[in-house]
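Please read the following report alongside the sequence and the coordinates. It is meant for a reader who wants the criteria stated together with the values.

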Amino acid sequence: MYIVMDMGTTNTELFLCRDGKVVERVKGSFGASFGKKNGHGALCDSAKALIDSLISKCGIGESDIEKIVAVGMAGSEFGLFELPHIALPTDLLALAENARFEKIDGINIPFLFIPGVKKMKENEAVDVMRGEETEAIGLVSSLSMSEACVLVLPGTHNKIMSISDEGEILDFHTTFSGELLDSIVTNTILAGQVSHKFEIADSEVLKGASYAKENGLNAALFHIRVMAKNKIGIDELSSFLYGAVIGEDVDLIKRIAQGKKIYVGGRRTLRYIYSLLLGEENAVFLSDEEASDAMVNGSMLIKRIYNACTKRKAIIEAVEKEKIIAIVRGAEKESCVEAMKAIYEGGIRLAEITFDRSGKKTPQETADIVRMLVEALGDKMYIGVGTVTRKEELIAAFEAGASYIISPNCDTEIISLTRKLGLVSIPAAYTATEIAAAMNSGADFVKLFPANQVSADYVKAICAPLSDAKLLAVGGVNADNAKDFLNMGFCGIGVGSNLYNNKLIKEKNFDALRELARKYSEAVKSE
């Protein structure tokens, strides 16, 4: 379990998450402005009290919480820990790679702070945001966006973001509309005549936008005063006000979008009014669930990528040190954990669970087996997924907890997405052109398949111009020739049915399987 902390300027909300779902939440009336006024220590005390209340409410202890993922103003100058903004363009991987793992005085649970984003011009920051970048990542992921679009996230400060077809945040603009509305409602002569709580009158929203566009916002605001004297109701006056203020944002949004689809988030009233003014053809009015879950979903995703990124180096080192990956085909739920434990006890530390191409097992069934093995052996073995040729398979493997992705071909899109998810990429290739393409796309290792069809001279010729290629031999490898492949120039091997012997597993002869694994382990490590 872990906690997502969404800290704003005046409020902080905590979400207790288990298995990717929110199971409980609490809200506190403090934020970065409280830290600015009362100091860092007082803010930490308030944060700890809110954390304690959430834990107590759920009947768990601090030791049950893996970490607290902190978003928004928690990472600001007046938050719990100041984390610098990162520059545009940015994406999921960049946010995860720049997240910081920190301890906060007085709070026993460690924090993972997600950075904000800044827009630079001539070496100066001209716009900044904290929290909305995580919300955007959550929306891009949950909506499976595959085309360039614009995200509108209304709030205290309205963010208008340009998103690429690959999910990058390319640009953003901030307007003061949320704060302006609040100031008008609470601190002007219109206070009491307009409100944030009102029944939306569509016609008055449109009139307000039109009046402000023709006469200017100042004139539109005073016109509300005149309307009030004419006994116009608070719902109509508030609708007119929102239309007048938000209408100015709409012109900017349309210029930025230039015909692209516009997704509108934020609280329901604002979502509806922005969508109304933008027009149904351009705007997608997000559901309550999509809008409210975006921040937490983005936080969860960034946390998972961060965890994957922190494991990358260890996995690469493990492949180079252990030199052998067990290729598991036809794994069955009933026996795979016990079989894998036997292989581990025999000295094997890496295993690839392959997707089934025969149709006997669905991708989800394979992913469930991966998840089960990660939970049972995650601290002992690195579990990867093989025969990955489609994006859907890659996502399923990632969500199941796989640490590396192995493919039977060189698909540059699969390699690129694997790296974006923070995972180790091991595609297959055969020729120098394919190997170079895999490496240029970000492959960490290249599986040369079928390895038993090449000679030592071929491998030597390949490695001469591509001396930085880390090649794994797969296909025709057994305990007797394993060392020969390493001597040819391969940095490791992959072994399938010769090692993960389904006959032994069916017979539940795990002692024999353990000894077979030991034979391979000793073969690759012998002098």
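The report below treats a sheet and its helices, then one helix further along the chain, and finally some backbone details.

The model is predicted, so local features are given only where pLDDT is at least 70 and side-chain atom pairs only at pLDDT 80 or more, whereas totals for chains, interfaces and linings use all residues. Residues are numbered from 1 along each chain as its sequence is written, and side-chain values use heavy atoms, with hydrogens and water left out.

**The sheet and its helices**

Five strands form an open sheet of mixed pairing, in the order β12-β11-β10-β13-β14; strands are DSSP runs of E with at least two residues, helices are runs of H or I with at least four, and both are numbered from the N terminus. Two strands count as paired if DSSP finds at least two bridges between them. The edges are β12 (169-175) and β14 (283-285), each of which pairs on one side only, and the twist averages 20° from one strand to the next. Strands β10 (residues 149-153) and β13 (residues 261-264) run parallel and are joined by four bridges, with V152 standing opposite V264 of β13.

Helix α8 (residues 234-257) packs on this sheet, touching β10, β11 (158-163), β12 and β13, and its direction makes about 10° with that of β11. Contact here means heavy atoms within 4.5 Å, while axes are lines fitted to C-alpha atoms, for helices over the stretch in contact, and angles between N-to-C directions run from 0 to 180 degrees. Helix α9 (residues 268-278) lies across β10, β11, β13 and β14, running at about 155° to β14.

Helix α6 (residues 202-215) packs against α9 at an angle of about 65°, with the axes 10 Å apart. The contact is made by D202, V205, L206 and A209 of α6 together with Y272, I273, L276 and L277 of α9.

Within β13 lies K261, which counts as partly exposed because its relative accessibility is 43%; buried means under 20% relative accessible area, exposed over 50% and partly exposed in between, with a 1.4 Å probe and protein chains only. Apart from neighbours within four places in sequence, K261 is in contact with C149, V150, N282 and V284.

**Helix α15**

K261 and A432 are 171 residues apart in sequence and 42 Å apart in space, C-alpha to C-alpha. In helix α15 (residues 432-440), I435, A438 and M439 are buried. Seen down the axis of α15, its buried residues fall within an arc of 95°, so they line one face of the helix; the arc is that of the directions from the helix axis to the C-beta atoms. On the other side of α15, T433 and N440 are exposed. The cover over the buried residues of α15 includes α14 (412-420), β20 (428-429), β21 (446-448), α16 (456-463) and β22 (471-474). Just after α15, G442 takes a positive phi of about 110°.

**Backbone details**

Most residues other than glycine have a negative phi, and most peptide bonds are trans. The table lists two cis peptide bonds and two positive phi values in residues other than glycine.

| Item | Backbone angle | Place |
|---|---|---|
| L88 to P89, cis | omega about -10° | P89 in the loop between β5 (86-87) and α3 (92-97) |
| F449 to P450, cis | omega near -5° | P450 in the loop between β21 and α16 |
| N123, positive phi | phi near 65° | loop between β8 (117-121) and β9 (124-129) |
| Q258, positive phi | phi near 50° | loop between α8 and β13 |

N123 counts as exposed because its relative accessibility is 76%, and Q258 likewise counts as exposed, at 67%.
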